[in-house]
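Please look over the structure shown below before reading on. The report that follows takes up a few local features one at a time.

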Amino acid sequence: MSAPDPSTPPFADVGEVLSRFREHGYLADERLATTVFLQTRLDKPVLLEGPAGVGKTQLATSLAEVTGRRLLRLQCYEGQDESKALYEWDYGKQLLYTQILREKIGQLVADAADLGEAVDRIAAQESVFFSDRFLAPRPLLEAITSEDPVVLLVDEVDRADEALEAVLLELLSEFQVSVPEIGTVRARHLPYVVLTSNNTRDLSAALKRRCLHLFLEYPSAERELEILRSKDTGLADALATRLVEVVRGLRELDLRKAPSISETIDWAHTLAVLGVTELSAEVLASTLNVVVKYERDLGRATAALPTLVDPNASVPDHRHVPGHGHGHGHGHGHDHPHDHDHAPDGDVDGREVRRSKDQPGRHDEAYYGAPGSSGGAREVTEGQGARSFAAQRARRRPV
């Protein structure tokens, strides 16, 4: 395939962006298509922010496919220095050339009057060893020096240190890179630059100012279902519709990582391979690890699946646990006075329960093993009262 003509805009209008991206399997919405169209007309980078798995990286890949450009990717990570992003000197190659040219170097300094003159003569040839011949370009410099126009993806720029973010400013504003030993290298063809961020940290205002900014969220249920259909997962349409609803319910849970769109597609593929004809909580729970990747999330999602599969499912109410003294019958073969004392709404009337307990004569002779009639009060002697009072004070004394 021939290289695209950088002087010819790749898209006539926003509608063409939508249609051509769709042809390559990327279903963009109006906002995203407008941003891409403006990028190609204004020659400005695009910064895409949003949660992981909403199609930020895929946009750059699809943009390269649609425009026929080569994709260059810089994957950012913590501790990354600029040499890994811009360029490196090939010291091994320099040393090899020095050994090969040792004879020529000897001839160069053979008639030097002293050591200082010899060093000066060698220093005059220093530019030979610090030229493009020994420069190993990394993605940022390669995007500038490429013979053909490219798409440059700076992926997860929020993971990079602020020092690398500062290096990007010159590239994004002037499309040039400064190499101290050589000078300033300007772009032969302006690249389409796409930066992505998962919002793990705030990016500088200077970086954002240089870019067209767009925040990508998870798509609507209709669009996600459309994406699922376009991937030809093999899952029946009715099951795909229910699966999208379940995934959207999982995203509303307090999960460490919400299921991405690509993971929804993987889940649909998985269910199709298993020959699933009906979505049940049991089936989904057995394959939940396709979309949930943390143990804590797995337990939380598994507990929520029955309700997500059937929103009308009734969950048993365990607030009232059967036990003595809670107003429930226990099948002991005798009636409790409060078993039938309920308020109009079905709750136990506490006043009636207490009143029934205060009725005199409700205990027989064997109650607590005390002799005497059920209706008479037992007499407490002065000694018993003193001992009881002393015991109470002992219990209240702090340890």
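## Positive phi angles in two loops

At 37% relative accessibility, asparagine 199 counts as partly exposed, and this residue belongs to a model that is predicted. Asparagine 199 sits in the loop that runs between strand 8 (192-197) and helix 11 (205-209). Its backbone deserves a look, since asparagine 199 has a positive phi of about 65° although it is not a glycine.

Aspartate 43 can be read in a similar way, beginning with its place in the loop between helix 2 (30-42) and strand 1 (46-49). The phi of aspartate 43 is near 55°, which is a positive value in a residue other than glycine. With a relative accessibility of 35%, aspartate 43 counts as partly exposed, because partly exposed covers the values between the buried limit of under 20% and the exposed limit of over 50%.

## An aromatic cluster

When the whole structure is searched, 2 aromatic pairs are found. One of them is formed by phenylalanine 11 and phenylalanine 21, whose rings are 6.4 Å apart from centre to centre, with 40° between the planes, so that the pair is classed as tilted. This pair links distant parts of the chain, with phenylalanine 11 in the segment before helix 1 (14-23) and phenylalanine 21 in helix 1, 10 residues apart. Phenylalanine 11 counts as buried at 1% relative accessibility, and phenylalanine 21 counts as buried at 0%.

Phenylalanine 21 also forms an aromatic pair with tyrosine 26, and here the arrangement is edge-to-face, with 5.9 Å centre to centre and 75° between the planes. Both phenylalanine 21 and tyrosine 26 are buried. Taken together, Phe11, Phe21 and Tyr26 form one aromatic cluster.

## Helix 13 against helix 14

Two packed helices are described by the angle between their axes and the distance between the axes. For helix 13 (residues 237-251) and helix 14 (residues 261-273), the axes come within 11 Å and cross at roughly 135°. That angle makes helix 13 oblique to helix 14, because it falls outside the ranges for roughly parallel (under 35 degrees), roughly antiparallel (over 145) and roughly perpendicular (65 to 115). The crossing in which helix 13 passes helix 14 is right-handed.

On the side of helix 13, the residues that meet helix 14 are Leu243, Val246, Val247, Leu250 and Arg251, and their counterparts in helix 14 are Ile261, Thr264, Trp267, Ala268 and Leu271. Sorted by class, the contact of helix 13 with helix 14 has 8 nonpolar, 1 polar and 1 charged residues.

## Helix 13 against helix 16

Helix 13 also packs with helix 16 (residues 295-309), at an angle of about 135° and with the axes 10 Å apart. Helix 13 and helix 16 are therefore oblique to each other, and helix 13 passes helix 16 in a right-handed crossing.

The contact is made by Arg242, Val246, Gly249 and Leu250 of helix 13, together with Ala301, Leu305, Leu308 and Val309 of helix 16. By class, the residues in the contact of helix 13 with helix 16 divide into 6 nonpolar, 1 polar and 1 charged. Val246 and Leu250 of helix 13 are listed both in the contact with helix 14 and in the contact with helix 16.

Conventions
Residues numbered from 1 in each chain as written. Predicted model: local features only at pLDDT ≥ 70, side-chain atom pairs only at ≥ 80, totals over all residues. Heavy atoms only, no water. Axes fitted to C-alpha atoms, helices over the stretch in contact; angles between N-to-C directions. Helix = DSSP H or I, 4+ residues; strand = E, 2+ residues; numbered from the N terminus. Left-handed = near helix turned anticlockwise from the far one by under 90°. Contact = heavy atoms within 4.5 Å. Nonpolar A, V, L, I, M, F, W, Y, C, P; charged D, E, K, R; others polar. Phe/Tyr/Trp six-rings, centres within 6.5 Å; stacked < 30°, edge-to-face > 60°. Buried < 20%, exposed > 50% of the residue type's maximum accessible area, 1.4 Å probe, protein only.
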